[in-house]
2 protein chains.
Amino acid sequence: MTTDNRDTHSAVYSAGLDIGGTKTLICLTDHNGAIQAEHKLETKLSHDPRQFFLWLFGELDRLCRTYGSSLTELAGIGIGLPGVMNESTGILSSAPALNWPHEDIRPIISRYYSGVVVLDNDVNMAALGEQAAGAAAGAEHFMMITVGTGIGGALFLNGQLYRGARYSAGEIGYLNLGPGANEGIDVHTGDKPEDSEFGPFELAVSGTGIGRQAAELVQDAPDTTLVTKLASGTVPEARHVFEAARQGDDAAASILNRAYDLMAVTIKNILITLDLELIVLGGGVVEKNVGYEAEIARRISRYTPQTSVPIRRAKLGNSAGAIGAAAAARSRLAAAGRSPMTL
Amino acid sequence: MTTDNRDTHSAVYSAGLDIGGTKTLICLTDHNGAIQAEHKLETKLSHDPRQFFLWLFGELDRLCRTYGSSLTELAGIGIGLPGVMNESTGILSSAPALNWPHEDIRPIISRYYSGVVVLDNDVNMAALGEQAAGAAAGAEHFMMITVGTGIGGALFLNGQLYRGARYSAGEIGYLNLGPGANEGIDVHTGDKPEDSEFGPFELAVSGTGIGRQAAELVQDAPDTTLVTKLASGTVPEARHVFEAARQGDDAAASILNRAYDLMAVTIKNILITLDLELIVLGGGVVEKNVGYEAEIARRISRYTPQTSVPIRRAKLGNSAGAIGAAAAARSRLAAAGRSPMTL
């Protein structure tokens, strides 16, 4: 009886959680997807998934109660995690912020919650959010690319997320730049000079990559570049490069020119390969720099064949992941015939 | 009554047709997919689809009759066409061999045949053939790439063909080689120096592209290159380059080195983007050169991240398209619940 009441009457229906390395966002929605609450908290990182979910479900239950509901009354929960989430094995990998053992996390989750749970990569969840209520509303074939510390990517094809054979589709940070063009990479051994966390494309165009190129610039010509002045003694970051370029600095403009060109040709090649209807760009570097997506669109138009596909800025910002995670839970419920959406 | 008899008793159940610019292949299968007949004939090209299908269905009916059946008794027909086939509008475009008007061909087909018809691109049909009975048997996520006069590509994702927003997914011949690296192409206007039929990647690695590079080589150094000798007065072709390289000619090896490298980095980047489980290579250039796929696999292993994905040679050769077209018809029938396969 409570189940039926809940599905049709309770305002809080599903929850979306977006777990970041520093912040966790929680979104509560009703069964139509209308957002009832959004809540941001500091992520309590733990290398032990038991400790982590004890904390997480405590917070979620507390939030539900402030809305007259509780954890056990939720019809479904979606969780976006910062790594490669294999939902069929329950193992999260390539998630340095959490660094959990290669272990099925589903039994741990089921101690706290027995309803429908959808686990996925955080960028996939953000793409679902933009598709449900943002820049890609209603799109059937699109890619979301996030440009921040690293480069993230999510593919939405034929009306659904495409995850690939090992749940790592869309990880375009690792793209190679062409024969012999993987600067700083030994293409014969694949060895990278520094850490192995970043891929060749990521090293050229991500915030971290642009910052590193600025650091080299400052080292080579400390007195003549505007980046040195803007960084004023600190390690130069991507934001100093964007600001210097805005002020007309040639060296900074040259770093951005290469980053924009590589992003443009990469997107163009993805459009050719996948025949998408839309690209959505998000992440800190895009959010902080007005005109980023227009600059990419302008450069893409130089390449053949010249079919025009919109390059749009993400609309939901940091909320996309939590909104998408809640949407993922609702759509899994609908597919299982357990939601009023299917009636 | 005849319908029921046909589904369960007739040996000839569905037909697959692969329309090429010079040859047309017809494959008749029973309802389990076992091949009952394969037939090759000269394509009677016509710029009028009415004339073309009059010819085609006449040939198909004649073939069916030699197996005790007839066109009207077929449960389904799959047709692979050499161009971009939009099944939702019925319009075939980018098909220079046929060059039909932008017109819905489905009403023309229905004059001759009223059962289930599946229309698709020829490379998509070949990929379905390899997935049904060839090098990709049972695969859920793979790409088929054909290297011949041009470059063709078909994507099979999540257990089905992925066609994209405008039915042109997989057309990787148009891939750009990187900022400023589209040799011979003005990246600012997109103008190509010669015909516009070929894309930048295609101009570098296809049979036609390799032949053109050989022609330049012969023009620059007619007396010193082995290619001149092998071509013995004719226009040099890709086969002369492969043969010269096998005999140790440095200039020929250098052309192939670049083509192999570009194919390897392109496949690697596709694997990173789509997280596939397999690549199938087919087409004339691959078929005629033993070790082509091994050479590509060796070069791919130089790039990061180093996950190993099999690079396999296509198994069905020129029959792949017709076999796949018949499989497409059977699977459409099964999806519609009209086939014994679903019982």
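## Where the two domains of chain A meet

Across the interface of domain 1 and domain 2 of chain A there are three residue pairs in polar contact, with both residues at pLDDT 80 or more. A polar contact here is a pair of N or O atoms within 3.5 Å; within protein, one must be able to donate a hydrogen and the other to accept it, and residues adjacent in sequence count only if both atoms are side-chain atoms. This is a predicted model, where local features need pLDDT of at least 70, side-chain atom pairs count only at pLDDT 80 or more, and totals for chains, interfaces and linings use all residues. Residues are numbered from 1 along each chain as its sequence is written, chains are lettered from A and ligands numbered from 1 in the order written, and side-chain values use heavy atoms, leaving out hydrogens and water.

On the domain 1 side, which part gives the largest share of the residues that touch domain 2 of chain A? That's H4(A), with seven residues. By class, this side has six nonpolar, five polar and three charged residues. (Ala, Val, Leu, Ile, Met, Phe, Trp, Tyr, Cys and Pro count as nonpolar, Asp, Glu, Lys and Arg as charged, and the others, Gly among them, as polar.)

There's also one salt bridge between these domains, meaning a side-chain nitrogen of Lys or Arg within 4 Å of a carboxyl oxygen of Asp or Glu. Arg163(A) and Asp120(A) form a salt bridge, at 2.8 Å from N to O.

## How the domains are laid out

Domain 1 of chain A takes in 2-132 + 319-342, while domain 2 is 139-314; the bounds come from an automatic or database domain assignment. Taken over C-alpha atoms, their centres are 30 Å apart.

## Chain B against chain A

Now for the two chains: 47 residues of chain B are in contact with 47 residues of chain A, where contact means heavy atoms within 4.5 Å. The area buried between them is about 3,700 Å², and carbon and sulfur atoms give 55% of that. (Buried area is the accessible area, with a 1.4 Å probe, that two parts lose on being put together, summed over both.) Tyr162(B), Asn176(B) and Asp275(B) supply 17% of the area chain B buries here, more than any other three residues.

How many salt bridges are there between chain B and chain A? The count is two. Arg166(B) forms a salt bridge with Asp275(A), with the closest N and O atoms 2.4 Å apart.

Methods
Helices (H or I, at least four residues) and strands (E, at least two) are DSSP runs, numbered from the N terminus.
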